[in-house]
Amino acid sequence: MTYSDVNPKTYGARMQILRFLSVTALAVLLCISSYGLAAEKTVTVGTALIGQNRGHPYQAITMPAIMVLLAVYDTLTVIDKDGSAGPGLAVSWESDDAETWRFKLREGVTFSNGVPFTSDAIVRSVRHMREAPDAGTWTISTTLYQVASAHAIDALTVEIKLSQRDALFPLHASVWRIAEPEAWETLPKHEYESSPVGTGSFQVERWVEGRVDMRAFKDSWHPPKLDGLSFIQVPDQTARLQAILSGAVDFVVGLGPDDASLLEAEGARLILRNMTTVQFLAFLTVNGGPVVDSRVRLAMNYGVNRQAIVDTLLQSAAVPVSQIAYPGEFGFNPDLPPYEYDPDKARALLADAGYPNGVEVVATVASRGANDLLYFQQVALDLAKVGVRLELRTKPAFQNAQDLFFGKAEGDLTSLFARGPDPLNAYRHRVCQGTLNDRSPYHCDDALLPLLQQARDQVSAEDALPYFHAVLAHERENPPAIILWQGVDFDGLAPNLTGYAPVQDVMNFEDFDLLEAPPN
């Protein structure tokens, strides 16, 4: 979907900003233009973030930090457009009890260093995630906490044993990136992370601070159309916009809806991408205070005019949701309507909870840019109208997450997002009976525990689905957060870039191509 409407009041201001870029932004653009691959067809990508762990296969799980990794590695499974698990490095799978899974692997796959991909790579990957001294800090090993062991049946069949039932394990395996095990085990850490070895469409030529240059891996089982792919870290949104307007980059992730007219004036495009996340302000009920009362939590949900925020600040691009799940995600309950904006109901609930004169609460928020802060500020303005005085405190995103997960978060609310494809994954942090010993919960709801256990006890996704629906219905009336909307992002495409077709927030870089000349 392409967005071309722009607020005329902001157009002139944006043009002024672009004319008077900061010294920092200009320095970034000069850095971009000073590099270049010799490859015939190379796409350069501008992104707010290149993961700090470089090519580490077991770190990073969300956009944009995973973009470079998407080009290098393949995952065991993928998520299809309909939210179901599809074939990746595994082409089929089966289980009788949801604890022991047998995967048939794809034939004819090689790593970029020429080593054949076999079931041995899966077996050794499990050992990496379970035995490495620092594996407890790896995003992927903690996400796949239930993977206990694996053994090879033959070269292309592997049996994976879980520590508990997981009827949705093929979905969960969509984050499992497979590295060439010998390179991972033998190369020095810094050397491997700067020259990672996967089965993906590209292989790294050079990885320096803020930039990654790649060449096509022509022997990949899904070779790319391009000869090269480069990533440039451009933290500033205005600088990213200027980079694509100037032709310094061909593709940009992380623009805003107001950038559409500026791009289209140059023949470029701004495209809305639905993210596999739900944005919300989580209630820190473990800290006590008024948000312990579900009536206060409900009041705050009825006191936010989500549709007005979406229409004003996101040009109607996002869709308000009623649950911490998005349409198309497994378990999403279509029978739950979003919270309507009802200030009178919000005031009545506050009074019923013993706060006829309103309450004072504190929210710690992190953002990727100015737009995110505007959303939170508007939420605070809406809540003030019903008597909730919300003080906003900002914090860097990484620090905010660390404080939350390790029990150091202060105040009453914190900005957060839940990632698909399984809405129950977030309950590792959201209930006082978590599955990770080194993580602290932030919201306790004892009534949820039996429903969660019933969902986990099922041996098929079909049997688990009603319990997923029941969990989300319970939280509709006992909200763990001010639930906002499915995450959205805006990508900028140069006039001659083709093949862009991400699926479930996964970029299909192997299909990207450049036309010989921009279209008329």
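Q: Hi! Where is Ser 316 found?
A: Ser 316 sits in the loop between α12 (306-313) and α13; helices (H or I, at least four residues) and strands (E, at least two) are DSSP runs, numbered from the N terminus. The model is a predicted one, so local features need pLDDT of at least 70, side-chain atom pairs count only at pLDDT 80 or more, and totals for chains, interfaces and linings use all residues. Residues are numbered from 1 along each chain as its sequence is written, and side-chain values use heavy atoms, with hydrogens and water left out.

Q: Thanks! What is the phi of Ser 316?
A: Ser 316 has a positive phi of about 65 degrees, although it is not a glycine. Most residues other than glycine have a negative phi.

Q: And is Ser 316 buried, exposed or partly exposed?
A: Ser 316 counts as partly exposed because its relative accessibility is 41%. Buried means under 20% relative accessible area, exposed over 50%, and partly exposed in between (1.4 Å probe, protein chains only).

Q: What about Asp 505, what is its phi?
A: Asp 505 is not a glycine either, and its phi is positive, about 70 degrees. Asp 505 is in the loop between β17 (497-498) and β18 (513-514), and with a relative accessible area of 7% it is buried.

Q: Switching to peptide bonds, which residues does a cis bond with omega of about 0 degrees join?
A: That cis bond joins Met 63 and Pro 64. Pro 64 is in the loop between β1 (42-47) and α3 (67-72). Another cis bond, with omega about 10 degrees, links Gly 420 to Pro 421, and Pro 421 lies in the loop between β15 (413-419) and α16 (427-430).

Q: Back to α13: how do the axes of α11 and α13 cross?
A: The axes of α11 (residues 294-302) and α13 (residues 343-352) come within 8 Å and cross at roughly 165 degrees. Axes here are lines fitted to C-alpha atoms, for helices over the stretch in contact, with angles running from 0 to 180 degrees between N-to-C directions. The two helices are therefore roughly antiparallel to each other; angles under 35 degrees count as roughly parallel, over 145 as roughly antiparallel, 65 to 115 as roughly perpendicular and the rest as oblique.

Q: Which residues meet there?
A: From α11, Arg 295, Val 296, Leu 298, Ala 299 and Tyr 302 meet Pro 343, Lys 345, Ala 346, Leu 349, Leu 350 and Asp 352 in α13. Contact means heavy atoms within 4.5 Å.

Q: What does Arg 347 touch?
A: Not counting residues up to four places away in sequence, Arg 347 touches Lys 385 and Val 386. Arg 347 is in α13 and, at 37% relative accessibility, counts as partly exposed. The C-alpha atoms of Arg 347 and Gly 387 are separated by 7.2 Å, although the two are 40 residues apart along the chain.

Q: Last topic: how many residues has the largest nonpolar core?
A: That core has 66 residues, and those with the most contacts inside it are Ile 160, Trp 176, Phe 251 and Phe 509. A nonpolar core is a set of buried Ala, Val, Leu, Ile, Met, Phe, Trp, Tyr and Cys residues joined through side-chain atoms within 4.5 Å. Apart from it lies another core, of 65 residues, including Tyr 339 and Phe 376.

Q: And which residues is Trp 176 in contact with?
A: Leaving aside neighbours within four places in sequence, the contacts of Trp 176 include Asp 74, Ile 122, Met 129, Ile 160 and Phe 169.
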